[in-house]
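Hello! Here are my notes on the model you passed along, set out as numbered points so that you can follow them with the viewer open.

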Amino acid sequence: MPLSKNQTPPAGIPQDVDGLLRLAAQSMFDVLARSTEGMMVIDRNHRVVWISEGYKRFLPALGFNDEHEFVGKRVEDVVPNTQMLQVLENGKPVLVDLLTNKAGTFLVSRLPLRNDAGEVIGALGLVLLDHPETTMQPLIQKFARLQQELEDTRRQLAAQRRPKYTIASFIGASPAALEVKRQARRVAQTDSTVLLLGETGTGKELMAHAIHSASRRAHRPLVGVNIAAVPETLLEAEFFGVAPGAYTGAERKGRDGKFKLADGGTLFLDEIGDMPLALQSKLLRVLQEQEVEPLGSNTVLRVDVRVIAATSRDLAAMVAAGQFRADLYYRLNVLPIRVPALRERLDDIEALAEALGEDIARRSGMPQKLLSPDAIEWLMQQPWPGNIRELRNTLEQVSLMSDDMQLTAGHFQGGAVAPAATAAAAAAAPSPQPAAPAVTTAQAVAPLPELIEALERDAITRALQATGGNRMAAARLLQISRASLYERLARWPDLEVQLSDNA
């Protein structure tokens, strides 16, 4: 369109509006290139296609030697905390913003780039100031305060989602228990997906906590989802989150999904075999691409999440029956760990019963009940289809229903032992050891430490004889810790020799 007759343009200025606009855009770009600290252009695919000479001085701080290592990469992979993707998605410029990353704190602008059809085909990022704190102190202080509040909130959330257990929490020294703990330590050193297999009640959730706590992600959140406990209609929102106002009744501010909450940490998917087929394909994409798209949003969010899945079902059989996607199964089954059933590690029952008894006593506020050798023997003869969860239930039930401080096999077989059973047990019991001779007056005036040591030695001898040499059971009878018993036995090495000779 030509200029009006009353306008006399200076020499060299284009005679049409389009030419003027092109000249203005070129002049503005040249001014920005000279006056700004640095510029960057990315394309629609998030790739960096150009950086200015000024921007090159930031590359070493970002971890790059030259522009050839930087240009061509996705901007979110090379510039931490960048918001350029938002400009690509919504096409709206960000005229003034603060950006903080490894290279420092910068005052920046971000502008969308459009083609002749008005479509966003890229974005231009400008570093206006590389030391904004020198001229914009109030804004920088406010920004720093908000950042500190954000970090404090993140630390509080991480503390709330701290793992409850370590690998040492998986009690047992049987070959099966030692092998599963060895595997857990091995996989904890990687970021690959772990699949925990085993019957219900074997300790799969404990093992998931243990793997997370031994990994490099231990300082980041551990987020758990029991898929079987969430209604099928809510699972997608639970996993991927909800955009603000995505549907009637949705929260105005939106809601983060479990993948977003677990960003940088671990997501534990319990009962993965109960996941609906429709959602399995979406989970597969997240595992492959490490990207989530909240419900009702067109924005894709990148996440860094390590997934630990668990199931008590036979996933291979479900794949064969068409009830579980084969591709998702292969994606989950990268590092499988089978948690053994309790009947496969009966040697651990005594240690498990002691640890569970301590926890039951702590939670109930009652003294810990001791288990007699025949009670331990009875526990080891049971099939335990409910595994450790069933063992705990049995111990808690008998402990709370009995007033006796020592629990025998009779307590577990049918509640408190009846008088007749007590008499029969007494008749079948081995003959009591001869009573210790009475202490004479001459002995009574011996030094007190010697008397105490003689009494302790005699009591430990009797306890070991009564339990057939079982140290753990003897410690329970004496109501002392195993460590205390071992300490005393170390002082009297001849005591165990005598006991073995008598046996």
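The points below go from the whole chain to the central sheet, then to helices, a hairpin and a few single residues.

1. Overall picture. Please keep in mind that this is a predicted model. The chain holds 23 helices and 14 strands. Of its 503 residues, 37% count as buried. The accessible surface is about 28400 Å², and carbon and sulfur atoms account for 54% of that area. If you look at contacts between residues at least 6 apart in sequence, 63% of them join residues at least 24 apart.

2. The five-stranded sheet. A good place to start looking is the open sheet with strand order E7-E8-E11-E6-E12 and parallel pairing. Which strands stand at the edges? They are E7 (222-226) and E12 (335-338); each has a single partner strand, so one side of each is left without a neighbour in the sheet. On average, neighbouring strands here are turned by 20° against each other, direction ignored.

3. One edge in detail. E7 pairs with E8 (residues 266-270) in the parallel sense, over five bridges. To find the register on screen, pick Leu 222, whose bridge partner in E8 is Thr 266. Helix H8 (residues 204-213) packs on this sheet and touches E6, E7, E8, E11 and E12. The direction of H8 makes about 150° with that of E6.

4. A second helix on the sheet. Helix H7 (residues 175-188) lies across E6 (194-197), E11 (306-311) and E12. Relative to E12, H7 runs at about 160°.

5. Helix H11, geometry and faces. H11 (residues 277-289) has 13 residues, which at 1.5 Å a residue should span 18 Å; the end C-alpha atoms are 19 Å apart, which agrees. Its buried residues are Leu 279, Gln 280, Leu 283, Leu 284, Val 286 and Leu 287. Seen down the axis of H11, the buried residues fall within an arc of 165°, so they line one face of the helix. Ala 278 and Arg 285 are exposed, on the face turned away from the buried side. Just after the helix, Gln 290 takes a positive phi of about 55°.

6. What H11 packs against. The buried residues of H11 pack against helices H9 (235-240), H10 (258-261) and H13 (326-332), and also against strands E8, E9 (291-292) and E11. Two of those strands, E8 and E11, belong to the sheet of point 2.

7. Gln 280, a polar residue to click on. Is Gln 280, in H11, buried or exposed? Gln 280 is buried, with a relative accessible area of 0%. Leaving out residues up to four places away in sequence, Gln 280 touches Met 275, Gln 323, Phe 324, Arg 325 and Leu 328.

8. Lys 260 in H10. Lys 260 is found in helix H10, one of the elements that the buried residues of H11 pack against. Lys 260 itself is partly exposed, with a relative accessible area of 33%. The C-alpha atoms of Lys 260 and Phe 239 are separated by 8.4 Å, although the two residues are 21 apart along the chain.

9. Helix H14. The 16 residues of H14 (residues 349-364) should span 22 Å at 1.5 Å a residue, and the end C-alpha atoms are 22 Å apart, which agrees. Its buried residues include Glu 350, Glu 354 and Asp 359 alongside Ile 349, Leu 352, Leu 356 and Ile 360. Their cover includes strand E13 (370-371) and helices H15 (373-380), H16 (387-401), H21 (471-478) and H22 (482-491). Just after H14, Gly 365 takes a positive phi of about 75°.

10. The E1-E2 hairpin. E1 (residues 38-43) and E2 (residues 48-51) run antiparallel and are joined by three bridges. Met 40 stands opposite Ile 51 in E2. Four residues lie between the strands of this hairpin, and His 46 takes a positive phi near 75°.

11. Leu 99 in E3. Leu 99 sits in strand E3 (residues 94-101) and is buried, with a relative accessible area of 11%. Not counting residues up to four places away in sequence, its contacts include Val 79, Pro 80, Phe 106, Val 108 and Arg 110. The C-alpha atoms of Leu 99 and Gln 83, 16 residues apart along the chain, are separated by 8.6 Å.

Methods:
Residues are numbered from 1 along each chain as its sequence is written. This is a predicted model: local features need pLDDT of at least 70, side-chain atom pairs count only at pLDDT 80 or more; totals for chains, interfaces and linings use all residues. Side-chain values use heavy atoms; hydrogens and water are left out. Two strands pair if DSSP finds at least two bridges between them. Helices (H or I, at least four residues) and strands (E, at least two) are DSSP runs, numbered from the N terminus. Axes are lines fitted to C-alpha atoms, for helices over the stretch in contact, and angles run from 0 to 180 degrees between N-to-C directions. Contact means heavy atoms within 4.5 Å. The expected span of a helix is 1.5 Å times one less than its number of residues. Buried means under 20% relative accessible area, exposed over 50%, partly exposed in between (1.4 Å probe, protein chains only). The arc is that of the directions from the helix axis to the C-beta atoms. Accessible areas come from the Shrake-Rupley method with a 1.4 Å probe; for residues, only the protein chains shown count as cover.
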